[in-house]
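Me: I'm new to this structure and would like a close look at a single part of it. Could you pick one helix, walk me through its surroundings, and then show me a few other spots for comparison?

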Amino acid sequence: MSAVVVYGATGHTGRFVVAELAKQGFTPIRAGRRSAERQATVDDPGSLDRALDGAAAVVNCAGPFATTAGPLIEAALRAGIPYVDVAAEIEANVSTFADYAKAETPVVPAMAFYGGLGDLLVTAALGERTTADEVVVAYGLSSWRPTAGTREAGQVSHSRRAGRRVRFRNGALEYHDEPPSRQLWPFPDGPREVITEFSMADVVTVPSHLDVPDVRTCMTVVAAADLSDPGTPAPGEDGSPDQTFIVDVLVRADGVERRAAARGRDIYAVTAPLAVEAVRRLLAGQTRTTGVASAGAMFDAADFLHSLAPYISVELPARRT
């Protein structure tokens with residue numbers, strides 16, 4: 001079976017991706033700065049080229065992606081192989097779409113719990129439509145034990161924004177200093193309090209291919225509190241098996257509300273089947289476009305989501321007027 005390089009293979013998410021690749025019959029090749037089969041650093045293009053030699057694809061699991069994405073994509077383009085990453089950093093994803101708009105080799109950023117899963121749900125809820133008036137992706141996490149990588153990426157994003165908050169409104173990303181607000185969100189399993197503008201990578205992936213002026217992501221207050229608390233412990237080697245999630249998507253288009261939802265456990269562990277299924281489809285030619293594209297643009301969204309069982313249970317699409 002095909003060899004797939006995992007850059008950042010020794011990190012928390014990287015280990016899940018390596019295990020899932022092996023489970024699916026691929027040959028994972030661990031690459032990174034240390035404790036890897038192939039030593040490579042993003043400031044040494046030659047080492048990256050050597051790391052990708054003979055590989056069919058590369059999955060980048062090493063943040064901050066503001067630092068790693070560009071060099072890894074360039075190496076993948078030189079090798080002529082698909083690139084997938086699990087970046088949740090909004091600005092890093094913006095740069096990927098902007099800088100590699102003319103790429104001919106597949107480049108799929110944010111192919112993870114944040115950015116990829118929401119984009120697939122939104123796309124599936126819309127069906128054949130490519131326009132909407134508003135999109136809301138509500139994250140119903142029961143808790144959040146952030147990894148060291150998550151915290152580091154958050155610090156990078158905070159610095160790049162000069163401490164400001166970001167949202168996608170009126171067709172563009174906008175930075176602002178307005179305080180966060182809360183509301184009760186009607187999740188399918190019952191209402192929970194959320195922060196109404198807790199922007200995640202979906203504010204980049206969704207409007208990258210769908211014509212929608214307003215994309216909003218919400219986060220349960222309890223999970224946001226876990227993330228902001230420096231004392232919240234990181235997940236163990238077995239992930240966060242006690243963490244459950246529901247991603248509830250609401251799409252408004254021409255006066256009609258379309259709903260879709262996905263349920264599962266452990267946001268880090270579930271990123272692995274998302275990324276590996278993307279690799280499988282890229283190598284099998286089961287794609288809808290080429291070059292840089294989000295999950296919803298690159299793949300058949302509904303079919304992709306259904307293929308993730310038993311990792312994720314999906315409800316597509318519940319409608320109400």
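Reply: Let's start with a bit of vocabulary: a crossing of two helices is called right-handed if the near helix is turned clockwise from the far one by less than a right angle, and left-handed if it is turned anticlockwise. Keep in mind, too, that this is a predicted model.

The part to look at is helix α2, which covers residues 45-52. Which of its residues are buried? They are S47, L48, A51 and L52. These four sit on the same side of α2, because they cover an arc of only 130° around the axis. There is a general pattern behind this: an α-helix has 3.6 residues a turn, so residues three or four places apart point the same way.

So what covers that buried side? The cover includes four strands, β1 (3-7), β2 (27-32), β3 (38-39) and β4 (57-60), along with helix α3 (65-79).

Helix α3 deserves a second look. Its axis and that of α2 are 9 Å apart, and the two helices pack at an angle of about 55°. Angles from 35 up to 65 degrees fall in the oblique range, and α2 and α3 are therefore oblique to each other. Here the opening definition comes in handy, as the crossing of α2 and α3 is right-handed. On the α2 side, P45, L48, D49 and L52 make the contact, and on the α3 side it is P71, L72, A75, A76 and R78. Notice that L48 and L52 turn up again here, having already appeared among the buried residues. Once you follow the chain just past the end of α2, you come to G54, which takes a positive phi of about 80°.

For another helix pair, try α1 (residues 12-23) and α9 (residues 271-284), whose axes come within 8 Å and cross at roughly 50°. That makes α1 and α9 oblique to each other as well, and their crossing is right-handed. T13, F16, V17, E20 and L21 are the α1 residues in this meeting, with T271, A272, P273 and V276 coming from α9.

Now for some single residues elsewhere. S199 lies in the loop between β11 (190-195) and α7 (202-205). Is S199 buried or exposed? Its relative accessibility is 16%, so S199 counts as buried. The side chain of S199 reaches the backbone oxygen of V166 at 2.6 Å. Leaving out residues up to four places away in sequence, S199 touches I90, V166, R167 and T217.

R161, in the loop between α6 and β8 (165-169), is another one to find. R161 is buried too, at 17% relative accessible area. With the sequence neighbours up to four places away set aside, R161 touches I90, E91, V166 and Y175. You'll recognise I90 and V166 from the contacts of S199.

Two prolines round off the tour. P146 sits in the loop between β7 (134-141) and α6 (148-160) and is buried, with a relative accessible area of 2%. Beyond four places in sequence, P146 touches several residues, including R151, D226, P233 and Y268. P146 and D229 are 83 residues apart in sequence, yet their C-alpha atoms are 9.8 Å apart in space. P191, in strand β11, is exposed, with a relative accessible area of 60%. Again not counting residues up to four places away, P191 touches W185 and P186.

Note on methods. Residues are numbered from 1 along each chain as its sequence is written. This is a predicted model: local features need pLDDT of at least 70, side-chain atom pairs count only at pLDDT 80 or more; totals for chains, interfaces and linings use all residues. Side-chain values use heavy atoms; hydrogens and water are left out. Buried means under 20% relative accessible area, exposed over 50%, partly exposed in between (1.4 Å probe, protein chains only). The arc is that of the directions from the helix axis to the C-beta atoms. Contact means heavy atoms within 4.5 Å. A polar contact is a pair of N or O atoms within 3.5 Å; within protein, one must be able to donate a hydrogen and the other to accept it, and residues adjacent in sequence count only if both atoms are side-chain atoms. Axes are lines fitted to C-alpha atoms, for helices over the stretch in contact, and angles run from 0 to 180 degrees between N-to-C directions. Angles under 35 degrees count as roughly parallel, over 145 as roughly antiparallel, 65 to 115 as roughly perpendicular and the rest as oblique.
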